[in-house]
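Reader: Could you walk me through this one while I have it open? I'd like to start with the strands and then move on to the helices.

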Amino acid sequence: MNQRRTINVRRVVKVLQGAARSGVSIPELLDQCGIERRVLEQPDARIERDTFIRLMLLVMEQTQDEFLGFGQGRKSKPGTFSMMAHAVINCPTLDAAVRRGIRFYELFDLNMRTWLRREGDQARLITEVDPRLDFRDVIIDAMLFLSLRFMSWLVGKVVEPQAVYLDYQPLKEDDEHRFMFNCPTYYNSGVNQVVFPVHYLDLPLVRNELSLSHFLRESLAQLFEGNVHNVGLPARIRGLLSEDYGGHFPDFGEVCRRLQMTPQTLRRRLKDDNTSYQEIKDSIRKDASVYYLSKAELSIDEIALLMGFSEASSFHRAFKKWTNMTPSAYRRTHFGETNEHP
């Protein structure tokens, strides 16, 4: 079993303990996730990452707490992470985004503090968690790990840590940290922090509101997967087209000039990635359409105009080609009832 795609059962047990404190039925949780009870009694057993993600989502839903009940009365209501992500997505650099995210969470009484320091050629993301919390090691691990992954997603490349310092000692040697951070981990250090090269903080964000709406639909899976390696050519083109997207795209020649490539080279490289300029444009239009459909104040006709269609019927045909549903049917299915006609 691939350890990078699995989770040690000890972490599963801790999630279940946090859920139990909030009154969640553990037998029902296990049944819903397809986790056998005997597995919990095997300290070295592992479960599939996707099963663990489903467990966490169910616990968040049933406890109404994105901290999974670990905060002992301090809750982060569902949607808090989403609002933070929307608050940072338009920042010019990763440094600005991290600092704005920290300020966002300071609005809540969560028994923890985080700050960012620049020291020469190193950056330090430090978190301080109330020592009275029973599950503080789980909170610290999650805070540092998910912060790194979200930062990596924002800039489109892996923010590679140089070292992780934790102020506690695991009950036994924990290989999980090696797979989580892929760098030296130091215990009983007196501080909880992840250290990484400072140059990452000066990178511009390559994401926008449209890519964020897609990310938030499956954010836990993407954060655990960590599939945020250096942005490839299709993603670079998406970023270029989405910078000032208004329903109209530059022609292919303009894209070639901005990427400093000949048309032949760009076509060949896109073909190597199993895509084309037209497919990238359609993908952006689809994501933009879904984003606008989530805005109840916009009619289908208004969205068609925003998407650059002179006639609503043309928009309907294009959207049905992308999703096999009409815009109105998609809105009803995914965002609730609407008075729009299909």
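Author: First a term: two strands pair if DSSP finds at least two bridges between them, and strands (E, at least two residues) and helices (H or I, at least four) are DSSP runs numbered from the N terminus. This is a predicted model, in which local features need pLDDT of at least 70 and side-chain atom pairs count only at pLDDT 80 or more, while totals for chains, interfaces and linings use all residues. Residues are numbered from 1 along each chain as its sequence is written, and side-chain values use heavy atoms, with hydrogens and water left out.

Reader: OK, so how many residues lie between β3 and β4 in their hairpin?

Author: There are 2 residues between them, and G120 in that turn has a positive phi of about 65°. β3 (residues 112-119) and β4 (residues 122-129) pair in the antiparallel sense over 8 bridges, with M112 having V129 of β4 as its bridge partner.

Reader: And what's the overall count of helices and strands?

Author: The protein has 16 helices and 7 strands. Of its 342 residues, 49% count as buried, where buried means under 20% relative accessible area, exposed over 50%, and partly exposed in between (1.4 Å probe, protein chains only).

Reader: Switching to α13, how many of its residues are buried?

Author: In α13, 12 of the 17 residues are buried, which leaves the helix mostly covered; among them are Y277, I280, K281, R285, D287 and L293. α13 covers residues 277-293 and reaches 24 Å from its first C-alpha to its last, close to the 24 Å expected at 1.5 Å a residue, the expected span being 1.5 Å times one less than the number of residues.

Reader: At what angle do α11 and α12 cross?

Author: The axes of α11 (residues 252-259) and α12 (residues 263-272) cross at roughly 90° and come within 9 Å; axes here are lines fitted to C-alpha atoms, for helices over the stretch in contact, with angles from 0 to 180 degrees between N-to-C directions. That makes α11 roughly perpendicular to α12, a label for angles of 65 to 115 degrees. F252, V255, C256 and L259 of α11 make the contact with P263, L266 and R267 of α12, contact meaning heavy atoms within 4.5 Å.

Reader: Which sign does phi of Q260 have?

Author: Phi of Q260 is positive, near 55°, in a residue other than glycine. Q260 sits in the loop between α11 and α12 and is exposed, with a relative accessible area of 75%.

Reader: What about N324, buried or exposed?

Author: N324 counts as exposed at 66% relative accessibility. N324 lies in the loop between α15 (312-323) and α16 (327-335), and has a positive phi of about 65° although it is not a glycine.

Conventions
Parallel < 35°, antiparallel > 145°, perpendicular 65-115°, else oblique.
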